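Please take a moment to look over the sequence and the fold before reading on. The paragraphs below walk through a few regions in turn.

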Amino acid sequence: GNQQEVMLGYSDSCKDGGILASSWQLFEAQQKVIALADMHQIDCRLFHGRGGTIGRGGGPTHESILSQPEGTVHGQIKFTEQGEVLSNKYSNAETAVYELTLGVTGLMLASRYQILPSPSTATEQNMAIMREVMTYGEDCYRQLTDRTEGFLDYFYEATPVSEISLMNIGSRPSHRKKGDRSKSSVRAIGWVFGWAQSRQTLPAWYGIGTALEKWIEGDHDRFNKLREMYEHWPYFKALLSNTEMALYKADMRTAKEYSELCLSAETGERIYNMIRDEHDRTLELVLRVSNMSHLLDDIPPLALSLMRRDPYLDPLNHIQIKLLKRYRDESLSKEEREKWLNPLLRSINAVAAGMRNTG
């Protein structure tokens, strides 16, 4: 029927270059794909291979559709829904109808340009700014993940990613090559899941604070320009709104306790400090640009829902840290250590249920 479907992948691009680079490169890729299809008079449907979490392309469905590049949604759009997202969204009729309604209304709004021409919010100036911001964000992310000594040791020791691989979940193994602890070997689901469990949610926000700060350079006019982009450009607003949610779910005090699981205390402290500093920087900049005093001030129901989970989540994390120490304690016999594996895996399930979009 003269239709070409093109799938967009989110997970590995985010793991490799950070959320800013992944998000923006996908935005531009969609524009190029649709322009190429239009040039050859081919109908093109974009297929978004999203995961459940922000670091794998997830986030609220309605806002996600509206944030697509204008002119790329031709009355239809395709998403993957996977993992725990399926049961959260579609396990009963009421939530399923609500989710589908959000999707359909988002689709109608994103397609209205076909009958009602409207000025583009993705102006050349806005796009030029995002290209610059993206460069700063990717460099900051790669500085931590590719160029910081001991970073992978930190990831494997200060998160339960190795123990996650022992759970009977997922359609694929946690690593592409067994025993290979490189960043390219660990799959994006394990990458996101590990950071979520340790309350760092790093893939969803790391590099954004530095990128915004470097672009602003203390210039008040530049700061006002970012605020204007937030108010009038759905893509930029969705990006920062998703960042807000990920920052709200992060807890640097709990993350500090996980960092103390590192075999090298120096490595744990040094890398934790880098993550905490970028977290604080991103938190400050996102609140300033969105003109809010507290995270999720603009979405009170979500803030209330997350606030109600914290009294349960925090003790679960403390229990998990204790279980990780016991399970990893090589001074204990194998039988003694194995005794703690089942409760440890149950703690991972419990924290995942509280964090919701884990991967």
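Contact here means that heavy atoms lie within 4.5 Å. The model is a predicted one, and a convenient place to enter it is Glu99, which sits in helix α5, spanning residues 93-110. Once the neighbours within four places in sequence are set aside, Glu99 is in contact with Thr61, Lys89 and Tyr90. Glu99 has a relative accessible area of 14%, and because buried means under 20%, this glutamate counts as buried.

From here one can turn to the sheet, which is open and is formed by 3 strands in the order β1-β2-β3, with parallel pairing. The strands at the edges are β1 (3-9) and β3 (78-79), and each has a single partner strand, so one side of each is left without a neighbour in the sheet. Strand β2, residues 43-49, pairs with β3 in the parallel sense over 2 bridges, and His48 stands opposite Phe79 in β3. Helix α2, made of residues 19-39, packs on this sheet and touches β1 and β2, its direction making about 160 degrees with that of β2.

The nonpolar interior comes next. In soluble globular proteins, nonpolar side chains tend to be buried together. In this model the largest nonpolar core has 58 residues, and those with the most contacts inside it are Met130, Leu226, Trp233, Phe236 and Ile275. Helix α6, residues 124-145, gives the most to this core, contributing 8 residues. Met130, when residues up to four places away in sequence are not counted, touches Leu20, Trp24, Met229, Trp233, Tyr235, Phe236 and Leu239. A second core, separate from the one just described, has 15 residues, including Leu261, Leu324, Trp340 and Leu344.

A last region to follow is the packing of two helices, α9 (residues 188-197) and α17 (residues 341-355), whose axes come within 10 Å and cross at roughly 90 degrees. Because angles of 65 to 115 degrees count as roughly perpendicular, α9 and α17 are described as roughly perpendicular to each other. On the α9 side, Phe193, Ala196 and Gln197 meet Ser347, Ile348, Val351, Ala352 and Met355 of α17; by class, this contact has 6 nonpolar, 2 polar and no charged residues. Phe193, which has its place in helix α9, counts as buried at 8% relative accessibility. Computed along the chain, so to speak, Phe193 and Gly59 are 134 residues apart in sequence, while their C-alpha atoms are 15 Å apart in space.

How values were computed. Residues are numbered from 1 along each chain as its sequence is written. This is a predicted model: local features need pLDDT of at least 70, side-chain atom pairs count only at pLDDT 80 or more; totals for chains, interfaces and linings use all residues. Side-chain values use heavy atoms; hydrogens and water are left out. Helices (H or I, at least four residues) and strands (E, at least two) are DSSP runs, numbered from the N terminus. Buried means under 20% relative accessible area, exposed over 50%, partly exposed in between (1.4 Å probe, protein chains only). A nonpolar core is a set of buried Ala, Val, Leu, Ile, Met, Phe, Trp, Tyr and Cys residues joined through side-chain atoms within 4.5 Å. Axes are lines fitted to C-alpha atoms, for helices over the stretch in contact, and angles run from 0 to 180 degrees between N-to-C directions. Angles under 35 degrees count as roughly parallel, over 145 as roughly antiparallel, 65 to 115 as roughly perpendicular and the rest as oblique. Ala, Val, Leu, Ile, Met, Phe, Trp, Tyr, Cys and Pro count as nonpolar, Asp, Glu, Lys and Arg as charged, and the others, Gly among them, as polar. Two strands pair if DSSP finds at least two bridges between them.
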